Amino acid sequence: MLGIPVTYSGTYKPTGSKHRARAAPDPPPLFDDTSGGYSSQPGGYPAPGADVAFNVNHLIGDPVANMAMAYGGSIASHGKDMVHKELHRFVSVNKLKYFFAVDTAYVAKKLGLLVFPYTHQNWEVQYSRDVPLPPRQDLNAPDLYIPTMAFITYVLLAGMALGIQKRFSPEVLGLCASTALVWVVMEVLALLLGVYLATVRSDLSTFHLLAYSGYKYVGMILSILTGLLFGSDGYYVALAWTSSALMYFIVRSLRTAALGPDSMGGPAPRQRLQLYLTLGAAAFQPLMIYWLTFHLVR
């Protein structure tokens, strides 16, 4: 075989070279290590969230900040106490709870009394140690549960009646509800003025008058339902019945339960004023029932 001479360049040295290839640097980490509160950024700059944590810890440990927080809490607590105090000045929560102390049996019997009160004999409110019994223990005691639920039912029934007549709109329903509420408030204010002018000595309060005024919603519901089922003739029959029943109920309740037998004594002019007040409150009920329901039945 012919030998082929091998030549080496001057720059290539197969062995014993002093210049070796340097290792590649390590790749940078994907995330900075902030476990110690600072990142591995050059220059020792803090991590983005480290200063916030430091400030919070500083504020918590600062006595001035703690004092400010305690002072703010005391102001908030004082304001809350003032709100409760002012609320109790105008609305007694304990008295309000009394008017909602009802049960199913009382509600059923009271609704029957409102629809057919002519056979009821004893109209006096029962007392226990000079304290009136709650409604669930005394059928003659006024309550606010039935008027409240009846008002809500009246609003819903009015919306249904307007929908049947293709006249429903949120504005019309809101106007209907607000009108019914405003008229009741005006009636209560008129009764309070009449009680003041008649110098009636009794435990009659605003809640009592609101309860007796709110019982008209039961008659309004019955009148609207009868009108929707049987037309205008059925509406006027139900209106006459519920109005007469409510008038009888108001007269008997105000004369015995609300005004009390002691208030009927005294001079003759005062007795006449008390009688006129009772009859006026009773006579106002049919007018209100008709005014708030006739436009819902066509």
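A salt bridge is a side-chain nitrogen of Lys or Arg within 4 Å of a carboxyl oxygen of Asp or Glu. By this criterion, the structure, which is a predicted model, holds one salt bridge. The partners are K216 and E187, whose side chains meet with a distance of 2.6 Å from N to O. This pair links distant parts of the chain, for K216 belongs to helix α8 (residues 216–258) and E187 to helix α6, with the two positions 29 residues apart in numbering. Both K216 and E187 are buried. The sections below place this pair within the overall architecture and then turn to the helices around it.

The protein has 298 residues, of which 34% count as buried. Its secondary structure consists of nine helices and two strands. Along the sequence, these elements follow the order α-α-α-α-β-β-α-α-α-α-α. Of the contacts between residues at least 6 apart in sequence, 73% join residues at least 24 apart.

Helix α6 takes part in two of the helix contacts described here, one with α7 and one with α5. In the first of these, the axes of α6 (residues 170–197) and α7 (residues 206–214) come within 9 Å and cross at roughly 130°. The two helices are therefore oblique to each other. The crossing of α6 and α7 is right-handed. On the side of α6, the contact is formed by V184, E187, V188, L191 and L192, while α7 contributes T206, L209, L210 and S213. Sorted by class, the residues of this contact comprise six nonpolar, two polar and one charged. E187 thus appears in two settings: this residue of α6 is part of the contact with α7, and its side chain also meets that of K216 in the salt bridge.

A further residue of α6 is V185. With a relative accessibility of 43%, V185 counts as partly exposed, because the buried class lies under 20% and the exposed class over 50%. The C-alpha atoms of V185 and S213 are separated by 8.9 Å, although the two residues are 28 positions apart along the chain. S213 is itself one of the residues of α7 that meet α6, and S213 is also among the buried residues of α7.

The second contact of α6 is with helix α5 (residues 145–164). Here the helices pack at an angle of about 145°, and their axes lie 10 Å apart. As with α7, the crossing is right-handed. The contributing residues are F151, Y154, V155, A158, G159 and L162 from α5, together with V172, L173, C176, A177, A180 and L181 from α6. By class, this contact contains eleven nonpolar residues, one polar residue and no charged residues.

Attention is next given to helix α7 and its surroundings. Seven of the nine residues of α7 are buried, so this helix is largely enclosed by the rest of the structure. The buried residues are F207, H208, L209, A211, Y212, S213 and G214. Among them, L209 and S213 also belong to the contact with α6.

A211 of helix α7 illustrates this enclosure in detail. Its relative accessibility is 0%, and A211 therefore counts as buried. Apart from residues up to four places away in sequence, A211 touches P142, D143, L144 and P147. The C-alpha atom of A211 is also separated by 8.9 Å from that of T148, a residue 63 positions away along the chain.

The loop between strands β1 (127–128) and β2 (131–132) presents a contrasting environment. R129 has its place in this loop, as does D130. The phi angle of R129 is near 60°, a positive value in a residue other than glycine. D130 likewise shows a positive phi, of about 65°, and is not a glycine either. At 81% relative accessibility, R129 counts as exposed. D130 is exposed too, with a relative accessible area of 74%.

Technical notes
Residues numbered from 1 in each chain as written. Predicted model: local features only at pLDDT ≥ 70, side-chain atom pairs only at ≥ 80, totals over all residues. Heavy atoms only, no water. Axes fitted to C-alpha atoms, helices over the stretch in contact; angles between N-to-C directions. Helix = DSSP H or I, 4+ residues; strand = E, 2+ residues; numbered from the N terminus. Parallel < 35°, antiparallel > 145°, perpendicular 65-115°, else oblique. Left-handed = near helix turned anticlockwise from the far one by under 90°. Contact = heavy atoms within 4.5 Å. Nonpolar A, V, L, I, M, F, W, Y, C, P; charged D, E, K, R; others polar. Buried < 20%, exposed > 50% of the residue type's maximum accessible area, 1.4 Å probe, protein only.
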